[in-house]
Amino acid sequence: MAFPPQFLDELRARLPVSEVVGKKVRLTRKGREHLGLCPFHNEKTPSFTVNDDKAFYHCFGCGQHGDVISFAMEMEGLSFPEAIERLAAQAGLEVPRSSPEERARAKVRATLYDVVEQVCAWYEEQLAQPGGRAGYDYLRDRGFSDETIARFRLGFAPDGRGRLLEVMESRGVRLDQLVEAGLLKIPEGGGDPRDYFFSRVMFPINDSRGRVIAFGGRILGDGQPKYLNSPETPLFQKGRSLYNFTMAREASREARTVIVAEGYTDVIALAQAGLPNAVAPLGTALTEDQMRLLWRVADEPVLCFDGDNAGARAALRAAERALPLLQPGKTLRFMALPAGEDPDSLIKARGADGFRSLLAGAHQLVDVIWKAEVSAGKHDTPERKADLDRRINVRLAQIEDPGVKHHYQETLRQRLRDLFSAGRRSGGWNQWQNRRSG
């Protein structure tokens, strides 16, 4: 049975090799790799390595080498389809049933990678042309060097409607391919195709293998929307992608954390300042798939939010979404930026060291949940205390892992006891008696 390549890529992306191997082999982390005793031959000195970045295992003793799929096949005596079924259930994926239509779609996707890459190169060319001067000046005014512009492959989509189609057709790319890749759109009422991006600074978005799959565009001037992402395509689902994930992956492993900023320019500013382990979601709240992607490279990603009420609400939404996904050692931390600051402006004002000092003080997820519930109302009567107790229980019920839930219960129960005990010491009967006698 044939499985779509995109599904196999997603399966491998969802299941780090160390997670699958670690169920059978005791692994010890050494730098960017894990080391253990080879399960395929008897040895006393570990020579079996697992590399999550490269998604493979290798034994220097017996030569065994493979990925999560081959490991499941070898260790459990499964056929390829059986291993896929087993791993898909572990990853929470539904196994697609291959069909002629799916095989045709896989062929289309393979071609679209080349189409999007060609368009990316053309946007880069346009930034260097006289017509792209406004885009180049915008990037330079943001403080980005030529080296940074080249490293992130920033470009410019010019205002000449129809130019993209004209150029790409001359290079052998068809109209229907540009539409399928989300780069042109056909008006509903008919008429000439329109460029999806124009008069925008362009930020290429890569998949986990480094291939360009989509774009974000920042308009120059006062138009709306200020930022525009590619539509969903056979290559791009925004809830499953993170901006700069490919380049940030290795840096995040070395730093033992990954920074989640709000947008493209924040990520680029952090990288240029010496903090290359930064990524950004793509115009939406952090999704479950994006959290799993983050946990592949760091146990405790740090989410940066504005230090205002909107930032606090965004932090709480992320914490709520994370609760059912928490695993032993896998959580989120939260960094509140000073009011009116974003990572880009903070770097300019305080430098990388100033940013790192705030990063070191990031709050735990349990603190975000606790603060939100305690600040939601008073807790000075039995009824209000019971209501706070109830709301805490609702949060606890959302945690699925029994070990994590147990320790959240202990932590939050102790905080409730301390809070209610402090309330009794500071108020209660004596204050009521004083009010009566007064």
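Let us begin with a single residue, Y264, which counts as buried because its relative accessibility is 6%, below the 20% under which a residue is called buried. Please keep in mind throughout that the structure before you is a predicted model.

Y264 has an aromatic partner, Y227. The centres of the two rings lie 5.9 Å apart and their planes meet at 50°, so the pair is described as tilted. The two residues are 37 positions apart in the chain, with Y227 in strand β11 and Y264 in helix α11, which covers residues 264-272. The pair thereby links distant parts of the chain. Is Y227 buried or exposed? The value for Y227 is 32% relative accessibility, so this residue counts as partly exposed. As a general remark, a pair of aromatic rings is described by the distance of the centres and the angle of the planes. In total, 15 aromatic pairs are counted in this model. There is also an aromatic cluster, formed by W122, Y123, Y196, F197 and F215.

I turn now to the strands around β11. Strand β11 comprises residues 227-229 and pairs with β10 in the antiparallel sense, over 3 bridges. Within that pairing, G216 stands opposite N229 in β11. On the other hand, β10 also pairs with strand β9, residues 200-206, again in the antiparallel sense and over 7 bridges. Here F203 stands opposite G216 in β10. Residue G216 is thus named in both pairings, facing F203 and N229. Strands β9 and β10 form a hairpin with 5 residues between them. In the turn of that hairpin, G210 has a positive phi of about 90°. How many of the residues of strand β10 are buried? The count is 8 of the 8, across residues 212-219, so strand β10 is largely enclosed by the rest of the structure.

A second group of strands deserves attention. Five strands, in the order β13-β12-β14-β15-β16, form an open sheet with mixed pairing. Which strands stand at the edges of this sheet? They are β13, residues 278-279, and β16, residues 363-364. Each has a single partner strand, so one side of each is left without a neighbour in the sheet. The partner of β13 is strand β12, residues 259-260, and the two pair in the parallel sense over 2 bridges. One bridge joins V260 to V279 in β13. For those new to the subject, strands of a sheet pair through backbone hydrogen bonds, either parallel or antiparallel.

Next, the cysteines. A disulfide is a covalent bond between the sulfur atoms of two cysteines. How many disulfides does the structure hold? The number is 0. Consider C38, which is in no disulfide; the nearest cysteine sulfur is that of C59, 3.5 Å away. C59 is likewise in no disulfide, and the nearest cysteine sulfur to C59 is that of C38. The separation of 3.5 Å does not meet the requirement that the two sulfur atoms lie within 2.5 Å. Both residues are buried: C38 has a relative accessible area of 6%, and C59 one of 1%.

Finally, I come to the empty space in the model. The largest pocket has a volume of about 1000 Å³. Its lining consists of 40 residues, of which Q6, D9, E10, A13 and S208 are the closest to its centre. Helix α1 gives the largest share of this lining, 8 residues. At least two lining residues come from each of α1 (5-14), α5 (100-127), α10 (245-255) and α12 (288-295). By class, the lining of the largest pocket has 16 nonpolar, 5 polar and 19 charged residues.

The structure also contains 2 cavities of 30 Å³ or more. The largest cavity holds about 40 Å³ of space, and the residues that line it include A261, C304, F305 and D342. Its lining has 5 nonpolar and 4 charged residues, with no polar ones. The second largest cavity has a volume of about 30 Å³. Its lining includes W122, Y123 and F197, and these three residues also belong to the aromatic cluster mentioned earlier. Helices α5 and α8, the latter covering residues 163-170, each supply at least two residues of this lining. The lining of the second largest cavity divides into 6 nonpolar, 1 polar and 2 charged residues.

Key. Residues are numbered from 1 along each chain as its sequence is written. This is a predicted model: local features need pLDDT of at least 70, side-chain atom pairs count only at pLDDT 80 or more; totals for chains, interfaces and linings use all residues. Side-chain values use heavy atoms; hydrogens and water are left out. On a 1 Å grid over the protein atoms alone, a cavity is a set of points where a 1.4 Å probe fits but cannot get out, and a pocket is an open set with protein on both sides within 12 Å along at least five of seven lines; lining residues have an atom within 4 Å of a point. Grid points are joined across faces, edges and corners, and a volume is the space filled by probe spheres set on the points. Helices (H or I, at least four residues) and strands (E, at least two) are DSSP runs, numbered from the N terminus. Ala, Val, Leu, Ile, Met, Phe, Trp, Tyr, Cys and Pro count as nonpolar, Asp, Glu, Lys and Arg as charged, and the others, Gly among them, as polar. Buried means under 20% relative accessible area, exposed over 50%, partly exposed in between (1.4 Å probe, protein chains only). Two strands pair if DSSP finds at least two bridges between them. Rings of Phe, Tyr and Trp (its six-membered ring) pair if their centres lie within 6.5 Å; planes under 30 degrees apart count as stacked, over 60 as edge-to-face and the rest as tilted.
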